[in-house]
Amino acid sequence: MVKSVAVPPAATTLDCSKPYPLDFTEYAELKQYSDIYAYREESGNEGQAPGTHAGASLAKAYLALDLAAEAAMTVKTGRDPQSVAVQNLAVLLKGQGPAPAAYFAELAACYPQAGLWHALALLSGEDAAGAALLTEQAEDFAELPLQLRDRAAIIAIPALDAMNERKLAKLLLDTFSEEEISNSSQLQFSEAVIGLGESSPEAEQRIEGFLIQAHFQEAALASLVRHKRPINSAVREILLDEVVTRIELAQKDTDVRADLRFVLDELSRNSMYEPMMRLADLPSLQSEAAREELTRHLAGSLQRDLASEDPLRNIAAIEALIKDKGLLDGAPDRAALYETATVVAVRLGFGSLGDTLASKAKGGEEVAIERAVLAYRQKNYEELYGLAETYPANQRINRIAALAAIDTRERQRLTMFESRLSLDPETILALIEQDASTSHWLVSERFYQAALKLDGDDQQWRVDRVMVLKALPEKTLVPERLAMSTISGKLDSSRASLAQFSGEMP
């Protein structure tokens with residue numbers, strides 16, 4: 001379970017004439033816990049410098065041995081500059097809360113060597129400015145006590161790998177000897193991260209081994225996800241449950257972006273949008289950075305599924321957009337997502353879903369055209385006429401509406417739609433052929449006169465056959481009894497005639 005982290009006190013007014021509070025020069029030789037005994041005895045002695053916490057030296061010794069929690073406890077009541085510096089560094093090294101970058105920026109303004117910790121704080125927050133700053137602090141990094149440098153490396157190297165700053169990552173790793181690397185699981189992990197970025201199969205196997213170690217699991221997952229490397233299916237399912245639980249139990253200020261990327265990738269793999277969107281309600285995902293990560297990933301997954309040829313993925317994305325309660329409001333491509341989803345819903349024949357999406361998206365004319373086509377096919381003429389009223393200048397929508405008016409013998413509506421239409425060949429032929437196929441002869445003479453002026457061979461042929469039918473005298477049809485043997489032939493003849501005058505859907 002992720003525990004909440006106490007926020008260190010704000011720095012007291014810094015006196016830049018005082019010694020640098022995070023100078024570890026005298027702790028350079030500390031390598032094991034027994035080396036700390038002298039500092040433990042010293043912490044109980046009287047006679048400390050005025051304004052200095054009695055346990056300050058012991059706390060720095062703990063930090064030198066990568067014992068940040070012990071260091072913080074030792075000076076937890078201190079409010080002097082050195083205690084505050086130790087507490088802030090402990091928070092950074094433990095990595096269980098937001099890194100105090102602002103504090104270290106202030107400290108570095110007074111003591112340039114504190115730029116090392118400012119750089120690490122920026123890197124832990126995925127701020128690329130930390131890489132440039134760390135380059136300037138490479139010598140200070142190399143002079144840190146071994147265990148403290150080991151801890152700093154596992155903060156910096158994965159972050160630098162994520163920023164494609166592998167040259168600097170290697171430079172940091174080169175400050176350790178082969179023996180030091182072989183004796184440290186953290187350094188071995190850092191080495192594997194660099195190798196994974198160089199597409200090393202051996203490094204990939206080593207990273208997979210770290211997946212089953214709780215201490216490295218989050219960073220190992222982040223590395224594999226970042227480099228788009230596959231994870232064993234059996235391990236993936238177990239990890240998903242563990243990581244989701246970890247995110248659910250995390251506190252509001254905990255940075256869970258690395259875990260979140262893995263979870264989102266796994267849920268996205270099967271278009272599982274409902275659990276993906278439920279994550280937005282968790283306390284640990286209320287930070288701006290986490291919300292941005294969730295929104296970005298969700299929008300990308302929706303875009304992929306709407307472009308898919310798999311109808312099930314299409315439908316999953318459409319349902320997610322309908323159920324969205326505002327998570328995508330900040331997405332820059334929100335309007336495009338809804339417009340695409342509306343078009344896809346209409347093409348799949350889900351007119352009501354298309355209407356719902358259109359109302360949320362306020363889609364443009366392209367969406368309206370798709371809806372008009374579907375409304376005509378489904379004989380939903382009122383919706384079609386409504387779209388024509390909404391887009392009176394759109395030629396395609398009003399042409400489809402005119403065809404519907406011909407079908408339903410609504411002369412007044414047809415006259416209105418005709419007044420909006422230009423006399424282009426496609427429109428002229430569509431209207432007169434529809435007129436002929438229904439034998440309603442409602443289309444105005446203006447369109448027929450324009451049809452006679454068309455000069456293309458194919459156009460003239462189509463016009464001629466309409467005009468032949470229009471010139472035929474109207475007959476009063478008298479029902480006659482047909483012999484059963486002639487019915488099949490009559491039906492075939494009727495079908496042929498209808499096919500002859502049916503044009504393509506405009």
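Q: Leaving aside its neighbours within four places in sequence, which residues is A436 in contact with?
A: This is a predicted model, and A436 is found in its helix α26. With the neighbours within four places in sequence set aside, the contacts of A436 are W441, V466 and L469.

Q: Is A436 buried or exposed?
A: The cut-off to keep in mind is that buried means under 20% relative accessible area. A436 has a relative accessible area of 5%, so it counts as buried.

Q: What distance separates the C-alpha atoms of A436 and V468?
A: Along the chain, A436 and V468 are 32 residues apart. In space, their C-alpha atoms are separated by 9.8 Å.

Q: How are helices α24 and α26 oriented: roughly parallel or roughly antiparallel?
A: Helix α24 covers residues 395–407 and helix α26 covers residues 425–438. They pack at an angle of about 15°, with axes 10 Å apart. Angles under 35 degrees count as roughly parallel, so α24 and α26 come out as roughly parallel.

Q: Is the crossing of α24 and α26 left-handed or right-handed?
A: This one concerns the helix pair that packs at an angle of about 15°. For α24 and α26, the crossing is right-handed.

Q: Which residues of α26 make the contact with α24?
A: From the α24 side, R399, A402, L403, I406 and D407 take part. Sorted by type, the residues of the contact are five nonpolar, three polar and four charged. On the α26 side, the names are E426, T427, A430, L431, Q434, D435 and T438.

Q: Is S223 buried or exposed?
A: S223 lies in helix α14, which spans residues 217–226. Not counting residues up to four places away in sequence, S223 touches F189, V193 and L196. Its relative accessibility is 0%, and since buried means under 20%, S223 counts as buried.

Q: How many helices and how many strands does the protein have?
A: Helices α14, α24 and α26 have come up already. Over the protein, the secondary structure comes to 29 helices and zero strands.

Q: What percentage of the residues of the protein count as buried?
A: Two examples have appeared: A436 is buried, and S223 is buried as well. Out of 506 residues, the share that counts as buried is 46%.

Q: What share of the contacts with a separation of 6 or more comes from residues 24 or more positions apart?
A: Take the contacts in the protein with a separation of 6 or more as the total. Residues 24 or more positions apart account for 61%.

Q: What percentage of the exposed area do carbon and sulfur atoms supply?
A: The protein exposes about 26,400 Å². Of that area, carbon and sulfur atoms supply 51%.

Conventions: Residues are numbered from 1 along each chain as its sequence is written. This is a predicted model: local features need pLDDT of at least 70, side-chain atom pairs count only at pLDDT 80 or more; totals for chains, interfaces and linings use all residues. Side-chain values use heavy atoms; hydrogens and water are left out. Axes are lines fitted to C-alpha atoms, for helices over the stretch in contact, and angles run from 0 to 180 degrees between N-to-C directions. Helices (H or I, at least four residues) and strands (E, at least two) are DSSP runs, numbered from the N terminus. Angles under 35 degrees count as roughly parallel, over 145 as roughly antiparallel, 65 to 115 as roughly perpendicular and the rest as oblique. A crossing is left-handed if the near helix is turned anticlockwise from the far one by less than a right angle, and right-handed if clockwise. Contact means heavy atoms within 4.5 Å. Ala, Val, Leu, Ile, Met, Phe, Trp, Tyr, Cys and Pro count as nonpolar, Asp, Glu, Lys and Arg as charged, and the others, Gly among them, as polar. Buried means under 20% relative accessible area, exposed over 50%, partly exposed in between (1.4 Å probe, protein chains only). Accessible areas come from the Shrake-Rupley method with a 1.4 Å probe; for residues, only the protein chains shown count as cover.
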